[in-house]
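Hi,

Here's the structure I said I'd pass on to you. Have a look at it first, and then read my notes underneath.

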Amino acid sequence: MTLSEHLPADIREVMDAYVGDLRPQPWRIRFLLLIDLLQEKLESGPAAEYRRLLQQWTGIVTAILEHLPPDSSVVECLGLMSISFNDQWRAQALGQIERDPTVLDQLVAICPDWEDIVDTVLEANQRRPIKAGQTRAR
């Protein structure tokens, strides 16, 4: 069972639309468009909902990675894998980032807010953990 199968219908619709738009794009464009989606969600939602919106976005990213299989040789994809709800992808990405610290520098060069996004995702997940059974890979 995939995470996308557990998403509410409205979130799944957003994810399906994004998968269609992102499929022909390279990972760099996918990454930037997903960051834009996060910024749109945060700008349109109340400040009190920040963590929930960030967690929804992380769920969308994870579900998109389920449909557009991740490529750990691409730095932008590694960044997305590192914040996903998929334990295997996250561990793989974090291991590569730890072995090659220039990956984080590259991600910050592409998205200056990347470190803040990662820190906030980690904090949101600690406060509102996702059930492990919903994050298993296919």
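Below is what I found, starting with one helix and then moving to the aromatic rings. Keep in mind that this is a predicted model.

Let's begin with helix α1, which covers residues 9–22. Its 14 residues should span 20 Å at 1.5 Å a residue, and the end C-alpha atoms are indeed 20 Å apart, so the two values agree. Which residues of α1 are buried? They are I11, M15, Y18, V19 and L22. Looking down the axis of α1, you'll see these buried residues fall within an arc of 105°, so they line one face of the helix. That fits the general pattern: an α-helix has 3.6 residues a turn, so residues three or four places apart point the same way. On the other side of α1, D10, E13 and D21 are exposed. As for what covers the buried residues of α1, this includes α2 and α3 (50–67).

M15 deserves a click of its own. Its relative accessible area is 0%, so M15 counts as buried. Setting aside neighbours within four places in sequence, M15 is in contact with S4, I60, A63, I64 and H67.

Now the rings. Searching the whole structure turns up one aromatic pair. The partners are F31 and W114, in a tilted arrangement with 5.2 Å centre to centre and 55° between the planes. This pair links distant parts of the chain, 83 residues apart: F31 is in helix α2 (residues 27–44) and W114 in helix α7 (residues 114–127). Both F31 and W114 are buried.

One more for you: R30 lies over the face of W27, 4.5 Å from the ring centre.

Cheers

How values were computed
Residues are numbered from 1 along each chain as its sequence is written. This is a predicted model: local features need pLDDT of at least 70, side-chain atom pairs count only at pLDDT 80 or more; totals for chains, interfaces and linings use all residues. Side-chain values use heavy atoms; hydrogens and water are left out. Rings of Phe, Tyr and Trp (its six-membered ring) pair if their centres lie within 6.5 Å; planes under 30 degrees apart count as stacked, over 60 as edge-to-face and the rest as tilted. Helices (H or I, at least four residues) and strands (E, at least two) are DSSP runs, numbered from the N terminus. Buried means under 20% relative accessible area, exposed over 50%, partly exposed in between (1.4 Å probe, protein chains only). A charge sits over a ring if NZ of Lys or CZ of Arg is within 6 Å of the ring centre and within 35 degrees of the ring normal. Contact means heavy atoms within 4.5 Å. The expected span of a helix is 1.5 Å times one less than its number of residues. The arc is that of the directions from the helix axis to the C-beta atoms.
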